[in-house]
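The following report describes the fold, the interior and selected side-chain interactions of a single protein chain. The sequence and the structure are shown first.

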Amino acid sequence: MKADTMDKTANKDEEEMGSTVCQADSFIYTPIGIVRSPFTDTAGMPIQPAGAKGVRGTIALRPDLKAGLADLKGFSHIILIYAFHRSKGYSLEVTPFLDTARHGVFATRAPKRPNAIGISIVRLIAVEENVLIIENVDLLDGTPLLDIKPYVPAFDAFSDAKAGWLDQTAGNAGSVRADERFR
């Protein structure tokens with residue numbers, strides 16, 4: 001893209017951010033289900049699915065959405081999009097669990113975000129009616145589930161991906177546990 005085209009696009013984006021289209025007070029999402037897990041408190045729980053290997057949980061999907069689970073059984077992993085339902089407020093700079101330095105919230109997976117939305121990739125064990133049995137669960141019991149997407153290695157795994165500051169510490173996610181910092 002040429003520089004003059006990028007400038008025009010940036011100006012248009014600035015105009016749109018000032019319009020009523022981008023000034024919506026909120027979006028309303030209705031949870032599609034609830035995640036059940038052994039974790040009832042954030043302190044001491046895994047911070048990523050890598051730290052929750054073997055931890056089982058379930059998703060109780062709303063019965064009226066059961067038909068949406070058709071053909072999901074063939075996938076080994078699913079992407080869960082959920083609400084950080086116990087997160088209050090947000091910080092634009094946070095000290096994440098895997099570092100002692102502050103980082104911009106958008107360069108982290110911290111729960112105190114302008115929109116308290118999280119993602120986790122979990123192993124799908126079974127689909128029984130409207131209940132999914134999952135493994136490697138790093139979510140609080142009662143987490144409202146907003147969406148499920150299939151994990152597709154050809155789409156979702158990039159061998160040349162870089163993780164910024166996390167390249168130094170991401171390998172520790174399996175052993176680091178949450179503390180009280182994001183309550």
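## Report on the predicted model

From the N terminus onwards, the order of elements in the chain is α-β-β-β-β-β-β-β-β-α. That amounts to two helices and eight strands. The model is a predicted one. The chain has 183 residues, of which 34% count as buried. Among contacts with a separation of 6 or more, 78% join residues that lie 24 or more positions apart. The exposed area of the chain is about 11500 Å², and carbon and sulfur atoms supply 55% of it.

**Nonpolar interior and surface**

In soluble globular proteins, nonpolar side chains tend to be buried together. Here, the largest nonpolar core comprises 27 residues, and those with the most contacts inside it are I59, I78, L80, L132, I134, L145 and I148. Two or more residues each are contributed to this core by strand 2 (56-61), strand 3 (77-83), strand 6 (117-128), strand 7 (131-135) and strand 8 (143-150). Another core, of five residues, lies apart from it and includes I79, I81, A83 and Y151. Beyond residues up to four places away in sequence, I148 touches I32, L61, L72, I78, I79, L80 and L132.

On the surface, Y90, L92 and F106 form a nonpolar patch whose accessible area is about 390 Å² together. Of these residues, Y90 is placed in the loop between strand 3 and strand 4 (93-94).

**T108 and its surroundings**

T108 belongs to the loop between strand 5 (103-104) and strand 6. Is this residue, T108, buried or exposed? Its relative accessible area is 6%, below the 20% limit, and T108 therefore counts as buried. A polar atom of the T108 side chain lies 2.8 Å from the backbone oxygen of V105. The backbone nitrogen of A110 is 3.1 Å from a polar atom of that T108 side chain. With neighbours within four places in sequence set aside, T108 is in contact with V94, P96, H103, R113 and W165.

**Q48**

Q48 is found in the loop between strand 1 (33-36) and strand 2. The side chain of Q48 makes a polar contact of 3.3 Å with the side chain of R109. Q48 and N136 are 88 residues apart along the chain, yet 8.6 Å separates their C-alpha atoms.

**Salt bridges**

The count of salt bridges comes to six. Three of them are listed below.

| Salt bridge | Closest N to O distance |
|---|---|
| R56 and E135 | 3.1 Å |
| R62 and D64 | 2.8 Å |
| E129 and K66 | 2.7 Å |

The salt bridge of R56 with E135 links distant parts of the chain, with R56 in strand 2 and E135 in strand 7, 79 residues apart. R56 is partly exposed at a relative accessible area of 46%, whereas E135 is buried at 16%.

In the salt bridge of R62 with D64, R62 counts as partly exposed at 29% relative accessibility, and D64 is exposed at 55%.

The salt bridge between E129 and K66 also links distant parts of the chain, 63 residues apart: E129 lies in the loop between strand 6 and strand 7, and K66 in the loop between strand 2 and strand 3. E129 is exposed, with a relative accessible area of 55%, while K66 is partly exposed, with 36%.

Note on methods:
Residues numbered from 1 in each chain as written. Predicted model: local features only at pLDDT ≥ 70, side-chain atom pairs only at ≥ 80, totals over all residues. Heavy atoms only, no water. Core = buried A, V, L, I, M, F, W, Y, C linked by side-chain atoms within 4.5 Å. Buried < 20%, exposed > 50% of the residue type's maximum accessible area, 1.4 Å probe, protein only. Helix = DSSP H or I, 4+ residues; strand = E, 2+ residues; numbered from the N terminus. Contact = heavy atoms within 4.5 Å. Polar contact = N/O pair within 3.5 Å; in protein donor to acceptor, adjacent residues only side chain to side chain. Patch = residues over 30% accessible without salt bridge, like charges linked within 9 Å, V, L, I, M, F, W, Y side chains within 5 Å. Areas by Shrake-Rupley, 256 points an atom, 1.4 Å probe, with all protein chains shown as cover. Salt bridge = Lys/Arg side-chain N within 4 Å of Asp/Glu carboxyl O.
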